Number of protein chains: 2
Amino acid sequence: MNAPGSLRIVGIGPGCEAWITPEALRLIAHASDLVGYGPYLERLPLIEGQRRHQSGNGAELERARHALRLAEDGRHVALVSGGDPGIFAMAAAVFEAIDKGDAGWRDIDVAVSPGISAMQAAAARLGAPLGHDFCAISLSDNLKPWPYVEKRLAAAASADFVIVLYNPASRTRPHRIHDAFSLLRGLKAAATPVVFAHAVGREDEHISIETLAGADPSLAGMSTLIIVGSSETRIVPRGSAPPFVYTSRGVKVSR
Amino acid sequence: MNAPGSLRIVGIGPGCEAWITPEALRLIAHASDLVGYGPYLERLPLIEGQRRHQSGNGAELERARHALRLAEDGRHVALVSGGDPGIFAMAAAVFEAIDKGDAGWRDIDVAVSPGISAMQAAAARLGAPLGHDFCAISLSDNLKPWPYVEKRLAAAASADFVIVLYNPASRTRPHRIHDAFSLLRGLKAAATPVVFAHAVGREDEHISIETLAGADPSLAGMSTLIIVGSSETRIVPRGSAPPFVYTSRGVKVSR
């Protein structure tokens, strides 16, 4: 029988060193094995003797099981996730694998280390668009029927939440973002601020500020995060610099 | 006329050093002036020559204006916020102050540095309760009428979001968390997992896992964050360790 291993599910944030926590760096440095999507692992310095297990995008459940099997074999595994592993990333897949897997997996030493998620990185660049009540919704319908997504979008619009859209589009799902915009345009004001934040924190970072009526959903790709404002989201123009976008902490009431 | 100052709105996370970003540490170390709520500033090491401007809790807009006036006077200010300044914290107050304030304030060099928010810290300790679509709602009705909060709670429940409750209670608002639980109990299953996460990342951290029917809302205080599960949120019992809590990435559909 092997000495007990461990699994740490580690968030490395959006991609720049300034936004990675000391805990994440320490867990990665001390791991015997790194598991993760190739481009995330490639951002990390090579450490002698440390094994790397790269995988493609998708197949999260299989990647989670691979990491659990390594920990079961006595390895000290860091499963590396972009952003925060707890927000539309690898942590849910690991706990689902444990829940549905071998009973012995429940005794593996497993813990999560949080990271800066894409929505926080985008919000920081813009001002404070998430300054008040908001929802985060994944537009992927790989694991759930599209009507569930529509129901959540409609509920979020009806209650005037700021709406953050993760996974707006991919090569195999280019159309859902168009469906989502059609739905939201029927429920929210045309002038609602909409932000497309691409690869924030990385070299190819690009942010554009639009309106719900004017935005072109086909500009969204796999690395895009979209923020759709509430009725209290404001754009503050500035002379030479890009405008600020923020959501007021209060709601104006006519008396 | 003074040389241009600057304002950095800096998130220091939930309170432990392991979860503060290198960017936040650098901005705090290089600031000429720190502005913030007393207990946040007290967590930071003293730096010779650096001025501290402590304030009480609340009065966010006045604190934001004070920081902007210092930057206007040529100071290099770090406005220190717990968690992520963009999520129910100081950033929205600063941009609201700029929006409604002197036109010259729009030219001040202002930027936000994100941090780990309380919901991420709590989620990391539990497993992956925010593993799928979620809403974050502040229960404070200081700046908005309570019916807005009720509307958002009802919409979030109707569309089966995981619901994160910030600011559940304070000395002046002890009752709203009871109102919120009454409303949610009428709309969601009695067995829905509910988590009370107190001061995660600090010495007095305490987490309890309850059900919607069984939870006692009067246990919530100013440092408590509450997570109310969706119908896909699961509790995974373990032998000697606390259970994991996660939200499945998919939705089961009867065919």
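The paragraphs below go through the two chains, their sheets and the interface between them.

This is a predicted model, in which local features need pLDDT of at least 70, side-chain atom pairs count only at pLDDT 80 or more, and totals for chains, interfaces and linings use all residues. Residues are numbered from 1 along each chain as its sequence is written, chains are lettered from A and ligands numbered from 1 in the order in which they are written, and side-chain values use heavy atoms, with hydrogens and water left out.

Helices (H or I, at least four residues) and strands (E, at least two) are DSSP runs, numbered from the N terminus. In chain A, strand S4 (residues 76–81) is a useful place to begin. Of its 6 residues, 5 are buried (under 20% relative accessible area, with exposed being over 50% and partly exposed in between; 1.4 Å probe, protein chains only). S4(A) is therefore largely enclosed by the rest of the structure. Two strands count as paired if DSSP finds at least two bridges between them. Strand S1 (residues 6–11) of chain A runs parallel to S4(A) and is joined to it by 6 bridges; within S4(A), A:Ser81 stands opposite A:Gly11. Strand S2 (residues 33–37) of chain A is also parallel to S4(A), through 4 bridges, and A:Val35 has A:Leu79 of S4(A) as its bridge partner.

The corresponding stretch of numbering in chain B can be entered at one residue. B:Gly36 lies in strand S2 (residues 33–37) of chain B and is buried, with a relative accessible area of 0%. Not counting residues up to four places away in sequence, B:Gly36 is in contact (heavy atoms within 4.5 Å) with B:Leu41, B:His53, B:Gln54, B:Ser55, B:Arg63 and B:Val80. B:Ile177 is 141 residues from B:Gly36 in sequence and 27 Å from it in space, C-alpha to C-alpha.

Another sheet takes strands from both chains. It is an open sheet of 10 strands with mixed pairing, in the order S10(A)-S9(A)-S11(A)-S8(A)-S7(A)-S7(B)-S8(B)-S11(B)-S9(B)-S10(B). Its edge strands are S10 (206–211) of chain A and S10 (206–211) of chain B, each pairing on one side only. From one strand to the next the twist averages 15°, where axes are lines fitted to C-alpha atoms, for helices over the stretch in contact, and angles run from 0 to 180 degrees between N-to-C directions. Helix H5 (residues 118–126) of chain A packs on this sheet, touching S7 (134–138), S8 (162–166), S9 (193–198), S10 and S11 (224–228) of chain A together with S7 (134–138) of chain B. The direction of H5(A) makes about 65° with that of S11(A). On the chain B side, strand S8 (residues 162–166) and strand S11 (residues 224–228) are antiparallel over 3 bridges, and B:Ile163 stands opposite B:Val228 of S11(B). Helix H6 (residues 146–158) of chain B lies across S7 and S8 of chain B, running at about 165° to S7(B).

Helix H5 (residues 118–126) of chain B has 7 of its 9 residues buried, so it is largely enclosed by the rest of the structure. The buried residues include B:Met119, B:Gln120 and B:Leu126. B:Gly127 follows H5(B) and has a positive phi, near 140°.

A second open sheet with mixed pairing consists of 3 strands of chain B, in the order S6-S13-S12. Its edge strands, S6 (127–128) and S12 (233–236), each pair on one side only. S6(B) is parallel to strand S13 (residues 244–247) of chain B over 2 bridges, with B:Tyr246 of S13(B) the bridge partner of B:Ala128. H4(A) packs on this sheet, touching S6, S12 and S13 of chain B, and its direction makes about 115° with that of S13(B).

A:Glu96 is in that helix, H4 (residues 90–100) of chain A, and counts as buried at 7% relative accessibility. Leaving aside neighbours within four places in sequence, A:Glu96 is in contact with A:Leu61, B:Tyr246, B:Ser248 and B:Arg249. With B:Arg249 the side chain of A:Glu96 forms a salt bridge (3.4 Å, N to O), defined as a side-chain nitrogen of Lys or Arg within 4 Å of a carboxyl oxygen of Asp or Glu. The rule finds 8 salt bridges across the interface of chain B and chain A.

For the interface as a whole, 69 residues of chain B are in contact with 68 residues of chain A. The buried area, that is, the accessible area (1.4 Å probe) that two parts lose on being put together, summed over both, is about 6100 Å², and carbon and sulfur atoms give 61% of it. B:Arg106, B:Arg152 and B:Arg249 supply 12% of the area that chain B buries against chain A, more than any other three residues.
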